[in-house]
Amino acid sequence: MKNRPFRKVLVANRGEIACRIIRTLRKLGMASVAVYSDADVDSNHVQMADESILIGGAAVSESYLRSEEIIRVAQETGADAIHPGYGLLSENTGFARACTAAGIEFIGPSPEHIEAFSLKHTARRLAMDNGVPVLPGSPLLDNPSDAESIAVEIGFPLMIKSTAGGGGIGMSLCHDPDRLQSQLQEVAHLSQANFKDSGVYLERFVSRARHIEVQIFGDGRGKVLSLGLRDCSMQRRNQKVVEETPPPGLSSAISSAMSEAACRLTAAAGYRSAGTVEFLFDVDRQEFYFLEVNTRLQVEHGITE
């Protein structure tokens with residue numbers, strides 16, 4: 001990031017997250033520029049910002065995903081930086097690179113960090129290379145016929161996972177070897193339709209598991225801090241419903257080990273900005289395993305604040 005402080009920041013998001021960012025900018029003495037769609041003309045973030053610019057129609061594809069238009073507005077208003085919030089363009093490497101090319105700071109991880117952690121199978125490899133435990137599983141399945149022998153080694157039931165995307169989309173629990181190939185095809189098709197990537201891999205299923213996340217922040221020079229853990233185990237259809245921090249009943253030894261592993265992994269990559277390292281905790285084995293890294297401000301950032 002630039003050494004000099006920002007004077008003006010464009011907020012490339014909407015709703016409550018945009019309001020939170022604008023409030024923070026105000027506290028830091030920075031001016032804000034809000035972009036908005038036709039549908040959001042009366043939204044709070046439009047009223048709160050120092051400047052507000054209409055960028056398109058109600059559909060996000062006609063407004064908040066118009067990366068070239070957002071960069072043009074940033075240049076015309078003299079914004080030093082763009083804050084993407086979460087979702088929308090926050091993990092778009094092309095947008096991050098375009099900001100840099102235009103001389104505007106992208107407030108978030110570098111494009112290289114987004115790419116390194118965007119696919120789960122490459123993130124697993126980074127975790128293994130840095131001594132962070134992962135669940136027994138397979139590499140990306142280039143040939144579906146290889147899945148049957150690998151599945152026998154892992155054991156049933158097992159998880160079939162898409163390497164791309166998130167939000168609980170692209171996962172399937174397979175109990176029956178006879179269903180393996182058909183479920184592989186289903187997950188691959190779903191992943192291709194949602195994320196334009198049909199890559200899948202296998203992973204051991206943990207029947208009694210807790211979903212624990214570590215909030216981290218890196219300075220881009222190899223130093224990463226853990227800002228606490230949260231338990232996200234209460235889910236419906238793989239979507240988080242209730243979160244709690246600190247995780248109840250999790251020993252200090254496990255908590256410390258998770259935080260250390262999260263910091264070690266992201267520090268090795270020279271990670272910059274906010275991020276979340278997700279782990280699966282096996283209650284019966286009392287062991288934790290790396291799941292993935294979210295290279296953005298987390299949707300549930302309020303629980304950390």
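This is a short tour of one structure, taking in two helices, the nonpolar cores and a few unusual backbone angles.

Hi everyone, thanks for coming. One thing before we start: this is a predicted model, so please hear every value as computed from that model.

Let's begin with helix α4, residues 93-101. Which of its residues are buried? They are Phe95, Ala96 and Cys99. Looking down the axis of α4, these buried residues fall within an arc of 100 degrees, so they line one face of the helix. Over on the other side of α4 we have Thr100 and Ala101, which are exposed.

What do the buried residues of α4 pack against? There are two helices in the answer, α3 (67-77) and α5 (111-118), along with the strands β4 (81-83) and β5 (105-106).

Have a look at the ends of α4 as well. At the N-terminal end, Asn92 acts as the cap, with a side-chain oxygen 3.0 Å from the backbone nitrogen of Gly94. After the helix comes Gly103, with a positive phi near 80 degrees.

Now let's move to α7, residues 147-154, and go through it in a similar way. Here the buried residues are Ala147, Ile150, Ala151 and Ile154. Around the axis they cover an arc of only 105 degrees, which puts them on the same side of α7. Val152 and Glu153 are exposed, on the face turned away from that buried side. The packing partners of the buried residues of α7 are β6, α8 (180-195) and β8 (200-204). α7 is followed by Gly155, and its phi is positive, near 95 degrees.

Just past that glycine there's something for those of you who check omega angles. The peptide bond from Phe156 to Pro157 is cis, and its omega is near -5 degrees. Pro157 sits in the loop between α7 and β6. There's a cis bond from Thr245 to Pro246 too, again with omega near -5 degrees. Where is Pro246? You'll find Pro246 in the loop that runs between β11 (239-244) and α9. For context, most peptide bonds are trans.

Next up, the nonpolar cores. How many residues does the largest nonpolar core have? It has 24, and the residues with the most contacts inside it are Ile216, Met258, Phe279 and Phe290. Several elements each supply at least two residues of this core: the helices α6 (120-129) and α9 (252-268), and the strands β9 (209-219), β10 (224-236), β12 (272-282) and β13 (287-294). The largest share comes from α9, with 6 residues. Apart from this core lies another one, of 21 residues, and among them are Leu10, Tyr36, Ile71 and Phe95. You'll remember Phe95 as one of the buried residues of α4.

Let me zoom in on Phe279 for a moment. Setting aside neighbours within four places in sequence, its contacts include Val132, Met258, Ala261, Ala262 and Phe290. Also among them are Arg210 and His211.

Then there's the pair α5 and α6. How do their axes cross? The axes come within 6 Å, and the crossing angle is roughly 95 degrees. That makes α5 roughly perpendicular to α6. Where the two helices meet, Ala116, Phe117 and Ser118 come from α5, while α6 brings Lys120, Thr122, Ala123 and Leu126.

Finally, two residues with an unexpected phi. As background, most residues other than glycine have a negative phi. Ser273, in strand β12, has a positive phi near 90 degrees. Is Ser273 buried or exposed? Its relative accessibility is 7%, so Ser273 counts as buried. Leaving out residues up to four places away in sequence, Ser273 touches Gly108, Pro109, Ile216, Phe217 and Gly218. Ile216 came up earlier, as one of the residues with the most contacts in the largest core.

The other one is Lys196, with a positive phi near 60 degrees. Lys196 is in the loop between α8 and β8, and it is exposed, at a relative accessible area of 63%.

That's my tour, and I'm happy to take a look at any of these spots together on screen. Thanks, all!

Notes. Residues numbered from 1 in each chain as written. Predicted model: local features only at pLDDT ≥ 70, side-chain atom pairs only at ≥ 80, totals over all residues. Heavy atoms only, no water. Buried < 20%, exposed > 50% of the residue type's maximum accessible area, 1.4 Å probe, protein only. Helix = DSSP H or I, 4+ residues; strand = E, 2+ residues; numbered from the N terminus. Arc of directions from axis to C-beta. Contact = heavy atoms within 4.5 Å. Polar contact = N/O pair within 3.5 Å; in protein donor to acceptor, adjacent residues only side chain to side chain. Core = buried A, V, L, I, M, F, W, Y, C linked by side-chain atoms within 4.5 Å. Axes fitted to C-alpha atoms, helices over the stretch in contact; angles between N-to-C directions. Parallel < 35°, antiparallel > 145°, perpendicular 65-115°, else oblique.
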